[in-house]
Amino acid sequence: MASSEGFLTDEQREMLKVASQNVETALPSPRLSSSPKSPTSLLSDHQLKIPAGGKAPTGGIAVRHVRRSHSGKFVRVKKDGAGGKGTWGKLLDTDGESHIDRNDPNYDSGEEPYQLVGSTISDPLDEYKKAVVSIIEEYFSTSDVELAASDLKDLGSSEYHPYFIKRLVSMAMDRHDKEKEMVSVLLSALYADVISPPQIRDGFVMLLESADDLAVDIPNAVDILALFIARAVVDEILPPAFLTRAKKTLPESSKGYQVLQTAEKSYLSAAHHAELLERRWGGSTHVTVEEMKKKIADLLREYVESGDTFEACRCIRELGVSFFHHEVVKRALILAMEIQTAEPLMLKLLKEAAEEGLISSSQMVKGFARLAESLDDLALDIPSAKTSFQSIVPKAVSEGWLDASFTKSLCEDGEAQNEDRKLWQYKKEVVTIIHEYFLSDDIPELIRSLEDLGLPEFNPIFLKKLITLALDRKNREKEMASVLLSALHIEIFSTEDIVNGFVMLLESAEDTALDILDASNELALFLARAVIDDVLVPFNLEEMSSKLPQKCSGSETVQMARSLITARHAGERILRCWGGGTGWAVEDAKDKIMKLLEEYESGGVVAEACQCIRDLGMPFFNHEVVKKALVMAMEKKNDRMLDLLQACFNEGLITINQMTKGFTRVKDGLDDLALDIPNAKDKFSFYMEYAQKKGWLLPSFGSSAVEALPTAAAS
């Protein structure tokens, strides 16, 4: 049975009872502390009461129950026999803090309190930047281009290569001419093999953007960076057009803009600028790319004369540019094609170099691949180039010094080249078609031209080309492009074609902005206009966003288009965003069609109505005339509209395709139409039978319509 005394022996209970009866004699003065450790608080914990009258009893506390410390203070025995200071304490006593003794034989590290330690999440870009610094420092120490290229490949994260370009050049800018020359040589070696041309371009753009910051630490940063860019142009790792395009993206007051001006006016415009730039950082331990090509050409010609394979291999080894051996392969093959008697010698040299490990398998494949890419141009000077190449490849593969995978890639490249040639021809044709359309405003002729090409799989490319050409023209052409999109969507383009075409435009938005400053805003207007014209639906914009990287220029353009669509009076504003164009806006055309039909229905003349339809100048949109005429006939219960359609068909004003399309659009909307016109399905069946008797409709329409109508009637 539980009690307030806990687990006490009879003797201990007797002692406690005596102590309680004589507590008055041990009470301290009222001025003593009443802290939790004082006797007063201890007594109150045991609910001891002082008798009334305020006087303490005369009895004392038994001496053996009161401990007196050396300081003269009374110390009470702890509750439940737990003892006081210097005593063992009670069983399972948890009043004090427990401490884990690591020297205890029973110590368990699992009993230690847990401590949460915060850790930072490493950024892959930061890790990449740290790694490339060590690669660059090692390259400056060793001058080993091949090792630097190998380390960069092993590092991976190729998407961060523009940062490598930026760090490489910026680190060399504050060093001697030797390191600057080494950087130019390394960039030429890495170009296309390790780092793609767009990544090199992006790296130099980043350098231009940070030119203001670089100038703070490096006083002549503008001049040095201009030299690097000019040297890159001379070494053909940057196109000359880079300077013009980059200027458009930089403020004229920026240091980056000054860099481009210096590169263009001071270095690239000078006489013999290529030779001057290649020797600008004279005294370097490297030769230029052009000098290396000349050395390779000389040693191969000497080999043709001497036929000494061992000596030729020694000269190749002494060049010390194993990363550039693909140039040896390419030039050896070209010599074999130019001089037929030299072919056996060149193949022997390449075979020997491959077997010795002098020319690696990857360099051999790269040399063959580079030659394959230039065969068309080479054939202009050497007519038998393609035949010779086709005979050399199987021989090299069979002898084991050319990887067999090259033949597979060659076939794939051949197919790709055929496809590229086909695409190139298509682009050339459609540019002509679009230019003619901008001059003539003849949509039916453009549609016929596209149908004659017979390449519907390239429809998205046509859309991209159409809008790209319109972006760089006046509002008239932009309006015409939007009207044409509406016509193409109805005639020959699917919604998927249009979505894919816009995605291609959005993916290249940043490049387009280099040539057309306001490209992003104009492209957003084209997207918004396509939604207003029912060419696209808002969901298509979501679909486009999902296909684009986040925070890119294309995604921002889609977001801008969404904002335009949701704005107040968006429809009217967007329809007239390119005011003054000669093309009819779709909504305007619909209004005019409705008015001319209402005039005809109220007593107009057929000939006059036909003339009004002709004056619209939109034969690709005549299906709207058919649709609205049929709906009005149902609403007004007046079949006079059929006479108008008959007259238009007889005159060739409305073609059988447009007539069929109009009937199809009415059939697709019958369920909604039946809510306002209860007998709409019956009336449509009657009009369809009438049209089939008159020969207005394509034969294919009849079967699909008959299948759909019973289902609709049953519902």
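The second largest cavity of this predicted model holds about 40 Å³ of space. Three cavities of 30 Å³ or more are present in the structure. The lining of the second largest cavity is made up of Tyr600, Glu601, Met632, Ala633, Lys636, Asn638, Arg640 and Met641. By class, four of these lining residues are nonpolar, one is polar and three are charged. At least two lining residues come from each of the helices α30 (586-601), α32 (622-636) and α33 (640-651). The greatest contribution is that of α32, with three residues.

At the level of the whole chain, the secondary structure consists of 37 helices and two strands. The chain has 715 residues, of which 41% count as buried. Its exposed surface amounts to about 39600 Å², and 51% of this area is supplied by carbon and sulfur atoms. Among contacts with a separation of 6 or more, 73% join residues that are 24 or more positions apart.

In soluble globular proteins, nonpolar side chains tend to be buried together. In the present model, the largest nonpolar core comprises 101 residues, and the members that touch the most other members are Phe164, Phe204, Ile229 and Phe368. Helix α9 (residues 221-234) gives the most to this core, with 12 residues. A second, separate core contains 51 residues, including Phe458, Val499, Ala519 and Cys552. With residues up to four places away in sequence left out, Ile229 touches Phe204, Leu208, Leu238, Phe242, Leu243, Val259, Leu260 and Ala263. One of these partners, Phe204, is itself listed among the core members with the most contacts to other members.

Two helical positions were examined for their contacts. Alanine 385 lies in helix α19 (residues 385-399). Its relative accessible area is 0%, and alanine 385 is therefore classed as buried, the limit being under 20%. Not counting residues up to four places away in sequence, alanine 385 is in contact with Met337, Leu375, Leu378 and Ala379. The C-alpha atom of alanine 385 is 8.3 Å from that of isoleucine 334, a residue 51 positions away along the chain.

Lysine 366 belongs to helix α17 (residues 361-373). Its contacts, again without residues up to four places away in sequence, are with Asp193 and His326. For lysine 366 and histidine 326, the C-alpha atoms are separated by 5.8 Å, although the two residues are 40 apart along the chain.

A further local feature concerns backbone geometry. Most residues other than glycine have a negative phi. Aspartate 534, in contrast, has a positive phi, near 65 degrees. Aspartate 534 is placed in the loop between α26 (519-532) and α27 (538-546). With a relative accessible area of 51%, aspartate 534 is classed as exposed, because the limit for that class is over 50%. Alanine 385, with 0%, falls in the buried class.

Note on methods
Residues numbered from 1 in each chain as written. Predicted model: local features only at pLDDT ≥ 70, side-chain atom pairs only at ≥ 80, totals over all residues. Heavy atoms only, no water. Core = buried A, V, L, I, M, F, W, Y, C linked by side-chain atoms within 4.5 Å. Buried < 20%, exposed > 50% of the residue type's maximum accessible area, 1.4 Å probe, protein only. Helix = DSSP H or I, 4+ residues; strand = E, 2+ residues; numbered from the N terminus. Contact = heavy atoms within 4.5 Å. 1 Å grid on protein atoms, 1.4 Å probe; cavity = no way out; pocket = protein on both sides within 12 Å on 5 of 7 lines; lining within 4 Å. Points joined across faces, edges and corners; volume = space filled by probe spheres on them. Nonpolar A, V, L, I, M, F, W, Y, C, P; charged D, E, K, R; others polar. Areas by Shrake-Rupley, 256 points an atom, 1.4 Å probe, with all protein chains shown as cover.
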